[in-house]
Amino acid sequence: MAAARFIAVFSSRPEETLRLARSLSPQVALHPSGAVLLTVSPRFEEEALDRILEEAVASGTLHYASASTRVAALLAARTRPGSRVSGKRTAAFLAPLPVPLLALYTEQDLSEPLETLQRWGIRSLGQLAALPDQELASRLGAPGEWLQKLARGEDAEPFQPQPEPPRFQASKELDWELDGLEPLSFALADILEHLCRRLAERGLATDLLQLVFRLADGSRYRRDVPLAYPMRKPRTLLSLLRLKLQADPPQAPIQRVFVEARPASQLVLQPSLLEPSGPGVEEWPRTLARLTALLGEENLGAPAVRDSHRPDPAVLAEFDVTRRNGDSGDAPARIQLALRRIRPPQPTRLRTDQIVACAGPWKSSGEWWPEVRGAEAPSPWHREEWDVEFKGGGVYRVFWEPGRKGWFLDGIYD
């Protein structure tokens with residue numbers, strides 16, 4: 001039986017090259033150099049190379065070669081793309097190549113042995129291959145022995161193909177067109193049961209569902225349904241899909257249903273014994289979906305500070321159910337006052353004879369950086385803030401704005 005042949009492909013789009021390689025061979029791996037390696041039998045080598053050549057002509061980004069060993073295929077694809085190196089010609093092909101090319105084959109740091117070979121005057125792989133084995137090993141150790149093996153066109157370790165990651169997807173061709181949510185739910189329930197069972201077999205969950213419906217008018221309904229956290233409960237997922245479809249239904253009857261679940265690690269939350277029990281975490285995404293359907297996606301989220309030094313601007317960000325507050329530990333409790341802001345700040349006058357105590361100023365400014373300047377960007381601002389306690393007992397936050405040359409009441413401490 002003839003030995004397998006190796007094909008090495010360098011590409012600027014490795015994901016597309018991986019898909020092409022998996023269509024040509026069941027044994028495919030991504031090399032540390034960035035090349036895609038695959039094995040084929042000599043009988044199908046020419047056919048595989050023709051397919052790769054067609055892709056190279058179409059994209060112009062592939063450099064490939066075939067050889068009887070991986071190191072020879074990699075070096076040939078880098079130095080002489082499109083070549084086919086036979087087993088008998090391997091030594092002759094590699095002999096004139098420069099020694100530093102071997103650094104392409106590994107992620108290890110080869111600077112020290114390569115520098116030593118340079119001092120010895122060893123410039124080509126042929127010269128390195130011709131050195132006495134024992135003397136080279138005694139001077140350079142295992143790295144020298146390993147480099148000489150590669151220089152002779154021998155693979156230093158066995159080939160370990162990388163299995164294709166599983167895709168969790170399912171589809172159903174409907175016997176008749178569905179134009180209502182209730183009958184569609186039965187089809188989605190069967191699909192979600194199947195997907196969740198497959199995810200559970202691998203100890204995974206999903207954090208994104210992708211829907212594709214073929215509609216009666218020939219169009220496609222495509223929607224992504226992101227989840228608040230990874231889950232794999234079919235009933236919960238079905239509830240989320242129903243809410244999504246209620247808010248954004250397809251515009252024609254459905255003929256075919258396709259669902260793909262993006263795999264993710266299962267979320268494990270450890271509740272605290274010192275906190276009161278609350279609703280189960282599985283209720284969180286359902287609540288978000290219901291609120292989104294009522295309020296709209298643009299009106300729901302977690303408040304986050306905008307990129308500004310101004311004390312009050314905020315934006316809505318996605319909720320993160322996995323983030324938890326840190327433990328308080330044994331730190332002593334501190335009394336904190338809550339600042340109730342006044343929006344917009346109101347002009348005011350200060351009488352120094354009514355002030356009991358004050359703290360400040362704290363100078364702040366914002367919107368002066370170039371990337372936010374523009375026709376719709378707010379103008380630069382700066383202010384001097386003070387906390388002031390008056391004789392009547394109230395504590396207030398005030399600020400002086402030089403641009404308007406006045407005092408403004410910003411908030412009241414409760």
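These are my notebook entries on a charge patch, an open sheet, two cis prolines and two hairpins. I worked from a predicted model.

**Entry: acidic patch**

I looked for charge on the surface and found a negative patch made by Glu46, Glu47, Asp50 and Glu54. I then looked up where Glu46 sits, and it is in helix 2, which covers residues 42-59.

**Entry: four-stranded sheet**

I traced the strand order of an open sheet and wrote it down as 5-8-6-7. The pairing in this sheet is antiparallel. Which strands stand at the edges? I found strand 5 (168-178) and strand 7 (220-231) there. Each has a single partner strand, so one side of each has no neighbour in the sheet. I also noted the angle between neighbouring strands of this sheet, which is 15° on average with direction ignored.

Next I took one pair from the sheet, strand 6 (residues 204-215) and strand 8 (residues 254-265). The two run antiparallel and are joined by 11 bridges. To fix the register I looked up Phe213, and it stands opposite Val257 of strand 8.

**Entry: cis peptide bonds**

I checked omega at two prolines. The bond from Arg343 to Pro344 is cis, with omega near -5°. I placed Pro344 in strand 11, residues 339-348. The bond from Gly360 to Pro361 is also cis, and its omega is near 0°. Pro361 belongs to strand 12, residues 355-366.

**Entry: hairpin of strands 13 and 14**

How many bridges pair strand 13 with strand 14? I noted six, in the antiparallel sense, with strand 13 spanning residues 381-390. One bridge partner I wrote down is Phe399 in strand 14, which faces Glu385. Four residues lie between the strands of this hairpin, and Gly393 takes a positive phi near 105° in it.

**Entry: hairpin of strands 14 and 15**

Strand 14 also pairs with strand 15, again antiparallel and through six bridges. Here I looked up Val398, whose bridge partner is Leu409 in strand 15. This hairpin has four residues between its strands.

Which residue takes a positive phi in the hairpin of strand 14 and strand 15? I found Lys405, with phi near 55°. I marked this residue because it is not a glycine and still has a positive phi. Lys405 lies in the loop between strand 14 (395-401) and strand 15 (406-413).

Note on methods: Residues numbered from 1 in each chain as written. Predicted model: local features only at pLDDT ≥ 70, side-chain atom pairs only at ≥ 80, totals over all residues. Heavy atoms only, no water. Patch = residues over 30% accessible without salt bridge, like charges linked within 9 Å, V, L, I, M, F, W, Y side chains within 5 Å. Areas by Shrake-Rupley, 256 points an atom, 1.4 Å probe, with all protein chains shown as cover. Salt bridge = Lys/Arg side-chain N within 4 Å of Asp/Glu carboxyl O. Lys, Arg positive; Asp, Glu negative; His and termini not counted. Charge placed at Lys NZ, Arg CZ, Asp CG, Glu CD. Pairing = 2+ DSSP bridges. Axes fitted to C-alpha atoms, helices over the stretch in contact; angles between N-to-C directions.
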